[in-house]
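Please open the structure in your viewer and follow the stops below in order, selecting the named parts as you go.

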Amino acid sequence: MARATFTRMSEATRDDYLELASGAAAQRNAFADDVLATMAALAGTTPEAPVDRLEHCLQTATRARRDGADDETVVCALLHDMLVPLAPYSHDTAIAALLQPFISERNRWVLAHHGIFQGYYYFHHFGLDRDKRDEHRDSPYYDDCVRFCADWDEPASDPSYDSDPLESFAPALRSVLGREPHGYYGVVAARD
Ligand SMILES: [Fe+2]
Ligand SMILES: [Fe+2]
C-alpha cells in the first residue's frame, strides 16, 4: 500500500481519508487481539502481591461472571486494571476512556471511579479518607461501583481461587470491542 502524500490534514482529499479509514479498519480488527495480548503480558507482574495482575483481573471477571453479570460488565471487570502499568496514576479513568465507545455510561462510570471506591479498603492506611467515595453518593451508579468493588475487585487477591482462563473471556471481549463505537468514530468506521 502506497503512503498518502499530504503533509497536513487540511490538504488531504476525501479519497485520502477513505484510504486512511480502510487502514483504520484493519487496525480495529486487530484491536481485540492487542487487548488480549496486553492482558496476557500482565502474567508474572506484581511479585509483591499475593497474585499477579493477570490473576487479579481474571478473578475479578470470574467472580462477576459467576454472579450472573452480563458480558459487557464481565469484560469491564476483566480489563479494569489492565492499564495500571501504562497509567499508574490514572488507570481507572484511562480504562474508562478506552472502553467508553463500546459500553454503557453506567459501566464507564464504575470503571472511572473504581479506584476511589477501592480506597474504602485501604486509604486509611495512608492517612487518607476511606469514605472519599461518599462524595459520589448522589450518582445513580454509586451502588453499582460499591458492588463492583465489594463483590469482585476487593476479594480478587486469593491465590486459592479457581479463576477461569483468559481465553474463556475472549468471545465476550471480541463481541464488546467489535460493537459499533459511539460518537464520531462510529461515523468514520461506518465509511469502511
Ligand atoms: Fe484498579
Ligand atoms: Fe483491581
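Donors here are N, O and S atoms within 2.8 Å of the metal (3.2 Å for Na, K and Ca), and water is not among the atoms, so sites may look incomplete. This is a predicted model, in which local features need pLDDT of at least 70 and side-chain atom pairs count only at pLDDT 80 or more, while totals for chains, interfaces and linings use all residues. Residues are numbered from 1 along each chain as its sequence is written, ligands are numbered from 1 in the order in which they are written, and side-chain values use heavy atoms, with hydrogens and water left out.

Select first the iron ion (ligand 1) and the iron ion (ligand 2), which are 3.8 Å apart and are both coordinated by Asp81. Around the iron ion (ligand 1), add Asp81 (OD), His91 (NE2) and His114 (NE2), which coordinate the ion at 2.1 to 2.2 Å. His91 lies in helix α5 (residues 91–99) and His114 in helix α6 (residues 105–118), so the two histidines tie together parts that are 23 residues apart in sequence; helices are DSSP runs (H or I, at least four residues), numbered from the N terminus. His114 is buried, at 1% relative accessibility, where buried means under 20% relative accessible area (1.4 Å probe, protein chains only).

Next, select Trp109 and Phe117, an edge-to-face aromatic pair with 5.8 Å centre to centre and 85° between the planes; rings of Phe, Tyr and Trp (its six-membered ring) pair if their centres lie within 6.5 Å, and planes over 60 degrees apart count as edge-to-face. Adding Tyr141 and Tyr142 shows the cluster that ring pairs form with Trp109 and Phe117.

Technical notes. Buried < 20%, exposed > 50% of the residue type's maximum accessible area, 1.4 Å probe, protein only. Phe/Tyr/Trp six-rings, centres within 6.5 Å; stacked < 30°, edge-to-face > 60°.
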